[in-house]
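The following paragraphs lead through a structure, beginning with a pairing of strands between chains and ending with a single helix. Please keep the display at hand while reading.

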Amino acid sequence: MTYIAKPKISHPGLPKNKLGLTLRDYEGTVSTLCAGCGHDSVTAALIQAVFELDVEPHMLAKMSGIGCSSKTPAYFVNQSHGFNSVHGRMPSVTTGANAANRDLMYIGVSGDGDSLSIGVGQFVHAIRRNLNMCYVIENNGVYGLTKGQFSASADIGSLPKKGMPNQQEPIDPVSTALSLGATYIARSFSGDKEQLVPLLKGAILHRGFSLVDVISPCVTFNDHEGSTKSYSHTRQHYNHVVNVDYIHPSEEIKASYAAGEAMPIHLHGGDSIILRKVDGGYDPTSRATAFKYLRERFNAGEITTGLLYVNELRDEMHELMGNTETPLCQVPFEALNPGKEELARLQARYR
Amino acid sequence: MATVNDVVIKIATVNGTGSASANGLLRKSIFRMGVPVVGKNYFPSNIQGLPTWYEIRVTGDGYQARSNRVDVMVAMNAQTYAKDLADVAPGGWLIYDSTWPRSSLLNRDDITIIGIPFSRMCNEQFDGARARILMKNIAYVGSVAALLDIDLDIITALLEETFAEKQKLVASNMKAIRLGYDYVMENFPCPLPMRVEKMDASKGHIVIDGNTAAGLGCMYAGATVGAWYPITPSTSLMDAFRDFCLLYRHDPETDKRTYCIIQAEDELAAIGMVLGANWMGARSFTSTSGPGISLMSEFIGFAYYAEIPAVIFNVQRTGPSTGMPTRTQQCDIVSCAYASHGDTMHVLLFPADPAECFTMAVNAFDLAERLQTPVMVLSDLDIGMNDWMVPELEWDEDYVPDRGKVLRAEDLEKMENFYRYLDVDGDGIPYRTLPGVHPKGAYFTRGSGHTKLGAYTENSDDYQEVVDRLLVKWETTRIMVPEAEIRYSTFNKAAILTLGSGDGACKEALDRLEAQNVGLNYCRVRAFPFTDAVRDFISKHDVIYVVEQNRDAQLRTLLINDIDADQNKLVSLLHYNGMPINAGFVVEAVLAEIAKGRAA
């Protein structure tokens, strides 16, 4: 993992956001991933997204597990706290952190090994709780740091660099999340920043669990002929169904869209996103049709991308529990401790 | 010769038949007569239909441990009748349900057998299968009350308190009490020569189990996030915390909660949640047992190295593996002290009874935040799930939680730079910041190698500097943990050293040995790492009998490892069959060692 600080040179003319910060202010340390790694593009998209959303750096918490993807929180927003936990356990740490402080924005970055193998239990249970976080899976179908073993997202027939093709059914995070009731589900491609940035912005602002599954090719171990997670395979088989435009609350929703093919979704907190359907028959508000569509396109060998499902109505974890609006870590001790007299009184039951 | 206030009553029933409330009524009524009591559950890992026992030791002397003797057996379970009959001490009594005949082969002429037709009487007087079963239990309380001379007015008062809202139940329960009481009064000479008499020794005391007391301690310590996975025998700890939260942690106007209890998907997630919440600045804890500690170990090592507070209650049960989930042991001492791979050491607290579960719960949060490390409270099934008489719990209104070295926004504002792992004060404890407070406080929490500045490293010197500083913190820990309980006299060259739930049996054994002119000093360690007082205590004796409830002498191992105790002095007395230790075991084991030529 990197420890080289980026030199702080910025042009005076760099655009600033509403907080007066430039894109450079949202950067982290220098990435030590392989040149051309898809993950670096995802990092760049995340930086772009939080810059454009005017996120206060200290109100963001960056969470991760173990693996190439999990190194990346060091590469963005230096002025945010980061938690690089143990393998497959990022969701539980984020759950606890969020339980203690619901005011922060949580971005978790994970990989297909971290989320679909060792951490699949925590991944599915974070969804069940509708934990309010943006969960990014940088999905490349292989274990990079241990030199190229297949992960659970590898497709049947996909060829490794050496050895036999994969014969096991892949675990698809998108359909898994759909079946578990995740409330914002998107898939994108690290090579398509135009599409990825607004999807991330919507995911960050969504209240509840948002999953962004990003096909992010591993240039060293899984970018060859016969791999289904390579740059060229993804570009050729990528079926884009729903575009997203993010609309700031201060902006009027006036983006032009053809009726029936686009719809505004109002997010909690006043923001909106506009869904712009590329395939007019796709309905991202219906789990059943989304699931059917995804399976059909998958069977046809296509990778469906875009905002695939959204539900702004379901309550997130704190709302489901009926917790106080004040972050629990800020409730004063006096309000938590019933006091001396009450202790004496309540012990009557033990006599 | 009459024996007063020194009797052991054991009740054999079938689990799932509602006998727990009847047994509680009996135990409470004796306690209300001012007489100290000990209540122990011996129950199966099962929901319904298997044998279960409740043992009430009436002890005018106020001893805390179980006795290894049964004076009055209430044998309500035909399945275990033969064993229950055999367990009665010579000269004792056995009560059975004479509705059905017992085989004459199952007889003893050295005890008195009392047949009472509980089923017949209850079938005649009550309707419905459920009511008949429940009332049969209440009826034996009435019979024991008559035999031991327990005050019926106190039983009536207790029933009125229990069923304050349901007067009909008071009447029906009293009817069942009278059935058992009157039958015995009419047919047998009452009371027995072994009986209960009012005294004034339970005043200022309560009877409570350790899990309830620990849950109450967490409430008083200001814990807000509890994350856990159900496991016997720790489940009732989080249940108790939830019950207290329902009473005290709901906004009266909005009904919103100031607590968050999460039933995790497993123990790996439970401890992850605890770390996340503590990292964020909330007081957060989990409750578990040995198998849960095994699963949590990776994260416990993470918390040690990344220096995150965490409070973990381990209510120990019999291992290894699944072991006997409803039996007690102190078998996780070593696995907790060194949980996780790599060089790790953890702070352990050893409560001896429910009162210490309460106080140590509060200690644990203070130490965890002060030291920025996991603190494990090692209770056990005996403490956690049994009924102990302890002094009433008290709260110091001047208590202020020790949140440790946490920099506030105004502190950070004044600083040029913040670095996470610098030993600014020389005590090995660095300063930390909480997320959401100030951009200058940001740092990257990691379990990978890091420098004192908090940066990733693969540099040998930088790595070693941090792990060596953790040793400085360990020595600071040693002077902060609760001091051992020590009874010392220069006359004695030998001593007993124990921990946790061994306390009651050892103190009772000291009295009995004293009566046989065997004088021993006493040390009960209350925490790991061991304090200097423990080191001195060991050095002042020729022989230390180390009494603990595991097979492998784990406390002894820790003494040798942590403070270099002379292993030749440390003689292990080990009790590990799953039943709570009793004084008789300690007395016999010490006398056997003396007979072998050990110093007394």
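In this predicted model, strand S2 of chain A (81–84) pairs with strand S17 of chain B (residues 444–446) in the parallel sense, over three bridges. Within this pairing, A:Phe83 stands opposite B:Thr445 of S17(B).

The strand pairing belongs to a wider meeting of the chains, in which 50 residues of chain A are in contact with 55 residues of chain B. On the chain A side, the elements that contribute two or more residues are S2(A), helix H3 (90–100), helix H5 (120–128), helix H11 (333–336) and helix H12 (340–346). H3(A) gives the most, with eight residues. By residue class, the side of chain A that touches chain B divides into 23 nonpolar, 23 polar and four charged residues.

Attention now turns to helix H6 of chain B, residues 167–187. At 1.5 Å a residue, its 21 residues should span 30 Å, and its end C-alpha atoms are 31 Å apart, which agrees with that expectation. The buried residues of H6(B) are B:Asn173, B:Ala176, B:Ile177, B:Leu179, B:Gly180, B:Tyr181, B:Tyr183 and B:Val184. Seen down the helix axis, these buried residues fall within an arc of 165°, and they therefore line one face of H6(B). The face turned away from that buried side carries the exposed residues B:Gln167, B:Lys168, B:Ala171 and B:Glu186.

What covers the buried residues of H6(B)? The covering elements include, from chain B, strand S7 (112–116), helix H3 (118–125), helix H4 (129–148) and helix H5 (152–162).

How values were computed. Residues numbered from 1 in each chain as written. Chains lettered and ligands numbered in written order. Predicted model: local features only at pLDDT ≥ 70, side-chain atom pairs only at ≥ 80, totals over all residues. Helix = DSSP H or I, 4+ residues; strand = E, 2+ residues; numbered from the N terminus. Expected span 1.5 Å × (residues − 1). Buried ≥ 20, exposed ≤ 12 C-beta atoms within 10 Å, placed from the backbone. Arc of directions from axis to C-beta. Contact = placed C-beta atoms within 7 Å. Nonpolar A, V, L, I, M, F, W, Y, C, P; charged D, E, K, R; others polar. Pairing = 2+ DSSP bridges.
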